[in-house]
Each structure stands twice: as C-alpha cells, then as structure tokens.
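Hi,

Here is the structure I promised to pass on. Have a look at it first, and my notes on what turned up follow below.

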Amino acid sequence: MPDSPTGSTSLEFGVLGTAGIARKAVIPAIAASDHAVGAVASRDAARAERFAAENAIPRSYGSYEALLDDDALDAVYVPLPNGRHAEWTKRAADAGLDVLCEKPLAADAAEARDVVAHCDERGVTLMEAFMYRYHPRTERAVALAATELDDVRTVTATFRFPLYDRPNDVRLDPDLAGGSLMDVGCYPVSLARTILGEPDRAYAHAGDTRDAGVDTELSGVLAYDDGRSARVASGFDTQLVQRYRVDATNGWVAVKRAFDAPTDEPVELEYEIDGRHGVETFPAVDQYRLQVEHFAERVADGTAPLTDGQEAIANMAAIDALAESAADGGPVDL
C-alpha cells in the first residue's frame with residue numbers, strides 16, 4: 001500500500017460484480033488516479049475473466065468470496081444491486097477491506113445502521129458513492145446556499161431517465177430493493193438534505209407503470225416544521241432530466257445536468273442573488289475520480305468521508321419515509 005504522489009495511500013481495489021457503472025465510470029476513474037483495480041469478481045467465472053480482459057484488470061474470480069480472500073487488495077468497490085449492498089459491504093469489512101459502496105448503502109435505514117455499526121466495529125473506512133457531492137459545481141452551489149442566500153425556503157430537485165424495453169432490469173426487482181426512488185430519487189433527497197438539513201416529515205405519491213412491484217415514478221415533499229420544504233421527483237418513464245433549484249428570500253441558485261455531470265465538457269451553475277445575475281462555468285472534471293481520491297484520502301488519514309455511514313443512514317431515513325407515505329397515502333414523521 002505505497003503512498004501516492006498526492007500524499008494519500010495508493011490503494012489496490014477489488015470490484016465486486018461487473019455492473020455497467022463500474023465499467024463505464026468507476027474503473028476508468030480509479031485507473032486515471034494514483035490507484036489501481038487489482039481484481040474483479042462475478043458469480044460467473046467466464047464473465048469475470050472477460051470483464052477483466054476488457055478492462056485491463058490483472059486478476060478475476062468466479063465468486064465474491066474468492067476476491068475477498070485476495071491478500072493484495074486494500075479496498076473494495078461494491079456496485080452490486082441495491083439489495084446486496086449491505087451483505088457484501090459487511091463481508092468486505094470482515095476481510096479487513098475498506099469499502100466504497102454504491103448508493104444507496106442499504107435497502108432501508110435499519111439495514112444501513114447495521115452496516116455502519118459493523119464497519120465501525122471492524123475499523124474500516126466506509127463511504128457511500130454519491131459522486132455528485134465531489135464535483136466542484138456541487139461544492140459551489142452548497143456554499144452559495146449557505147453563505148449568500150438568505151433564508152432558503154424551498155429546494156426542488158428531479159432525476160428521471162427512460163428505462164424502456166428492459167423488463168428484467170434489476171432496478172425493477174423488488175427483491176433487490178429496486179425502484180426509481182432508490183435508484184435515482186436518492187440524489188434529489190441527498191441534495192435537499194444537504195441544503196436544508198433533516199426534514200420533519202415526508203409526503204409522497206408513486207406509480208408503478210410496469211406492474212413490477214416497485215415505483216417507476218415518484219413525487220414527494222420533505223417538510224420542515226418552520227415551513228421550509230423540498231420537492232423531489234424520480235422516475236423511469238420519461239426522458240432524461242436531472243436538475244435542482246434552491247430558492248431563498250433574496251434569490252436562487254439553479255443547476256441543470258445536476259447529478260450525472262459529463263466528464264468531458266464544462267458545466268454551468270446559474271444564480272440570481274440580491275439582484276445580481278450570474279452564470280459560472282466549471283471546467284470538465286471526472287467527479288468519479290474526485291470521489292475515488294476523496295475515499296483514498298480518508299482511508300489514509302482515518303477521518304470520516306463526506307458521504308460517510310451516518311450520512312447514508314440519514315438519507316435512507318428520508319427515503320424510507322417517502323416510500324412509506326407513497327404506500328400508505330399519508331404523511332410520515334421522521
């Protein structure tokens with residue numbers, strides 16, 4: 001585990017599974033950093049071998065257990081379906097490996113608490129992979145809301161994309177903690193909480209247009225006792241939209257292409273504050289690489305990541321409340 005040129009620990013990662021997010025985003029991000037992917041595992045040995053060859057990964061395994069026994073690894077990235085995050089995060093911690101786990105960390109807040117306690121007991125670093133939090137534009141939006149907007153009253157945040165012609169997609173499987181709220185709605189919830197803090201109650205309405213047993217559309221409100229609110233929406237049934245807007249008594253901040261920002265072109269943030277209108281442009285960055293580097297820095301210094309276990313628990317509590325309200329038709333207190 002040598003030191004990297006940036007001063008953080010140079011990590012060798014194992015990847016549990018061959019998910020698209022690993023192939024398209026996180027493995028390239030690790031490769032572009034001072035860290036490396038040393039191994040990948042699949043429950044299908046041939047698939048793992050092909051994936052390793054296609055992504056220049058030196059070792060492959062036909063089971064997750066075998067990867068966790070690889071003594072050369074320092075950390076594990078977990079991009080498995082939502083319903084398997086908790087089990088394999090805990091098993092990685094049992095192997096003494098630090099864990100970068102895809103969002104959401106667990107199927108519900110109770111399971112998230114169990115995972116966090118488990119990792120704490122084993123002394124490993126745990127980070128939930130909310131990559132958008134590490135983009136400089138997100139940092140700027142959060143700073144504007146905290147320091148230049150007076151009395152933020154409302155946050156509106158949406159993440160929808162088309163999930164058509166894929167009836168067997170894991171995101172439509174209730175047994176794997178699927179649904180639009182869990183898959184992409186977790187981003188608007190995270191953003192709203194980052195700006196406004198923890199809500200007092202939740203209201204939501206959901207639809208299941210595929211008769212899949214999960215929400216394919218959801219609209220919700222996170223309400224605060226002082227009258228502030230956040231409106232959040234997610235879905236699989238429309239074209240791609242990902243944006244948020246923060247409104248205050250003296251202005252607003254708005255962001256488009258908000259969560260899965262492109263890595264190869266600049267992005268913008270727009271605001272109007274105290275009558276001053278502005279558009280700020282941010283150079284192209286790989287927010288996945290920034291996420292990996294933050295994780296490695298926290299492993300090296302032993303401090304809590306920005307999106308640590310406690311943050312994951314709080315986000316899941318809000319998601320649970322929205323899901324319960326959608327199912328029961330009434331408000332749910334947090």
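Before the findings, one bit of vocabulary: helices (H or I, at least four residues) and strands (E, at least two) are DSSP runs, numbered from the N terminus. Keep in mind that this is a predicted model, where local features need pLDDT of at least 70, side-chain atom pairs count only at pLDDT 80 or more, and totals for chains, interfaces and linings use all residues. Residues are numbered from 1 along each chain as its sequence is written, and side-chain values use heavy atoms, with hydrogens and water left out.

Let's begin with the overall layout. The protein splits into domain 1 (12-130) and domain 2 (132-333); those bounds come from an automatic or database domain assignment. Taken over C-alpha atoms, the centres of domain 1 and domain 2 are 24 Å apart. Each side puts residues into the contact (heavy atoms within 4.5 Å): 33 residues from domain 1 and 33 residues from domain 2.

Now the sheets. Two strands count as paired if DSSP finds at least two bridges between them. One open sheet has 6 strands in the order S3-S2-S1-S4-S5-S6, with parallel pairing. Its edges are strand S3 (59-61) and strand S6 (126-129), each of which pairs on one side only. On average, neighbouring strands of this sheet are turned by 25 degrees against each other, direction ignored. For angles, axes are lines fitted to C-alpha atoms, for helices over the stretch in contact, and the values run from 0 to 180 degrees between N-to-C directions.

If you zoom in on strand S5 (residues 98-102), you will see 4 bridges joining S5 to S6, the two running parallel. Glu102 stands opposite Ala129 in S6. Helix H4 (residues 85-94) lies across strand S1 (12-16), strand S4 (75-78), S5 and S6, at about 170 degrees to S5.

The other open sheet has 9 strands, ordered S14-S13-S12-S11-S7-S10-S9-S8-S15, and its pairing is mixed. Here the edge strands are strand S14 (276-282) and strand S15 (332-333), each pairing on one side only. Strand S11 (residues 241-248) and strand S12 (residues 251-256) run antiparallel and are joined by 6 bridges; Asp247 has Trp252 in S12 as its bridge partner.

Two helices are worth finding on this sheet. Helix H6 (residues 136-147) lies across strand S7 (152-160), S11, S12, strand S13 (267-273) and S14, at about 10 degrees to S13. Helix H7 (residues 180-196) lies across S7, strand S9 (217-223), strand S10 (229-235) and S11, at about 160 degrees to S10.

On to the pockets. On a 1 Å grid over the protein atoms alone, a pocket is an open set of points where a 1.4 Å probe fits, with protein on both sides within 12 Å along at least five of seven lines, and lining residues have an atom within 4 Å of a point. Grid points are joined across faces, edges and corners, and a volume is the space filled by probe spheres set on the points.

The largest pocket has a volume of about 1400 Å³. It is lined by 42 residues, and Ala19, Gly20, Ile21, Arg171 and Asp183 lie nearest its centre. Helix H1 (20-32) and H7 are the elements that give two or more residues to this lining, with the largest share, 6 residues, coming from H1. Domain 1 and domain 2 each supply at least three residues of the lining of the largest pocket.

The second largest pocket has a volume of about 280 Å³. Of its 16 lining residues, Tyr244, Ala254, Val255, Lys256 and Glu270 are the closest to its centre. S7, S11, S12 and S13 each supply at least two residues of that lining, and S13 gives the largest share, 4 residues.

Finally, two backbone oddities. Most residues other than glycine have a negative phi, and most peptide bonds are trans. Lys103 and Pro104 are joined by a cis peptide bond, with omega about -15 degrees; Pro104 sits in the loop between S5 and helix H5 (109-122). Ala56, although not a glycine, has a positive phi of about 55 degrees, and Ala56 is in the loop between helix H2 (45-54) and S3.

Cheers
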